[in-house]
Amino acid sequence: VSPVIDLAGSLPTWGLLALLVAIAMGAGLVGSLIGIGGGIFIVPALVLVFGLDIHYAVAASLLAVVANSCASGSLYVEQGITDLRVGMFLETSTVVGGFIGATLAVSLLASRSNVLNLAFVPVVGVAAVLMLWHYEVPPDPRAPPDRLAERLRLSGSYVEPTTGASVPFTVRRPLAGLGLTGLAGLGSGLLGVGGGIFNVPAMNAVMNVPMRVATSTSTFKIGVTASAAALVYLVSGDVILFVAAPIAIGSVVGSLVGGHLQARAPVRSLTYLFVAVLAIAAALMAARGLGYVG
Amino acid sequence: MSAPAEGAAPGSTADAMPVLRRRVVRALRTGVSLSAYALLVAIVGYAIFHTMGIDTAPVPATGGNVAAAFTSPSAGGLVLLGLLVLAITPLTRVVISLGYFASVGDRAFTGVTLFVFLVLLLSVAVGTLL
């Protein structure tokens, strides 16, 4: 099966650029609405709609993740919801994961796009389960302090915007959180997904970080993870400039719009719809990885 | 371990490190704005002067290509610069944090941010070799 849309010449330049911006806007909007980031939609869209090799799709997606993290993350940092210390502590493992994932993708897996196409499937599966699972563990105020967390002064408090109250929290199991978010970083570098869908439950359910702080801290820190991976792709020459640029711009616009709409949108219903869309995308990626489609 | 920065409560997410928060916000917004302007100008210019399709040849961010973006301005060169600025914006934020933690004598977080900074530099080095 030939690519649906040939980037090299099937449409006028302005039409292709507008289409790429529109796809990234849609992915950014949906990703922001249901809280998983747009990368998980951008990669299959570029592979399946334009027939791009997954390496180029991952590179474009990672640059979009960096753009989103910088734009949305700065807002959360300004509002004081992001925990800078927790974020920077967890970056030590996610940045290593992102670097290793990207290095593997452009070296050992450089000519094995089918492996990456197939690897996308379980990631989408786990993401779908996490989206459908109504996880939100309220922080335990009587949690015993962890020695490492105390030494690094990771525990703190944040101002809940809806009530204006200061909510204290005690960080637990920092090493477990470090390990889990490191795996999320590896997935990010390999497959171009931001990793927020995995980082947030790791911080919330494992480390006892309140959901709001976990979400904003994840948004803040995935920029560094994606940057480590994006730099590998960018310097090694795996970036198609006029694909990555409209994807980055569209994704930022979409995620900012999604952030504003989140309070009013029927998020639960949309989640079911987009899990179905992801399941179809994953099946098509698997078919591509197994050689059933070109 | 240093005293809490600028009189803030120890570890308070909302109140601690206001100077670092301001610097981080400024760095992230400056980086993403510069990058967005460069990318927008480049793709609008490319759409005006290019008629069919887009150039799908991947371009590595080598020293030569970055230098050429300055000496022979083009839409592609401007996109390369915009994407490079975008990719190094989080690195800039890490450098700012490193300087901050070193200046307040927070040795643990100076080490944490130094480690992240070194991995980011390693990414550039390894990308050049691959």
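This briefing describes the interface between chain B and chain A, and then one pair of packed helices within chain A. The model is predicted. Between the two chains, about 5700 Å² of area is buried, with carbon and sulfur atoms giving 75% of that area, and 66 residues of chain B are in contact with 71 residues of chain A.

**Polar and charged pairs across the interface**

- The count of salt bridges between chain B and chain A is four, and in a salt bridge between R85(A) and D106(B) the side chains meet at 2.9 Å, N to O.
- Residue pairs in polar contact across the interface of chain B and chain A number 18, where both residues are at pLDDT 80 or more.

**The side of chain B that touches chain A**

- Helices α1 (18-49), α3 (75-103) and α4 (107-129) of chain B each supply at least two residues to this side, and α3(B) gives the most, with 16 residues.
- By class, this side of chain B has 46 nonpolar, 15 polar and five charged residues.

**Helices α3 and α10 of chain A**

- The axes of helix α3 (residues 54-79) and helix α10 (residues 241-261) of chain A come within 8 Å and cross at roughly 35 degrees, and the crossing of α3(A) past α10(A) is right-handed.
- On α3(A) the contact is made by A60(A), L63(A), A64(A), A67(A), N68(A), A71(A) and S72(A), while α10(A) contributes V243(A), A244(A), I247(A), A248(A), S251(A), V252(A), S255(A) and L256(A).
- Sorted by class, the contact of α3(A) with α10(A) has eleven nonpolar and four polar residues, and no charged residues.

Technical notes
Residues numbered from 1 in each chain as written. Chains lettered and ligands numbered in written order. Predicted model: local features only at pLDDT ≥ 70, side-chain atom pairs only at ≥ 80, totals over all residues. Heavy atoms only, no water. Contact = heavy atoms within 4.5 Å. Buried area = accessible area lost by both parts, 1.4 Å probe. Polar contact = N/O pair within 3.5 Å; in protein donor to acceptor, adjacent residues only side chain to side chain. Helix = DSSP H or I, 4+ residues; strand = E, 2+ residues; numbered from the N terminus. Nonpolar A, V, L, I, M, F, W, Y, C, P; charged D, E, K, R; others polar. Axes fitted to C-alpha atoms, helices over the stretch in contact; angles between N-to-C directions. Left-handed = near helix turned anticlockwise from the far one by under 90°.
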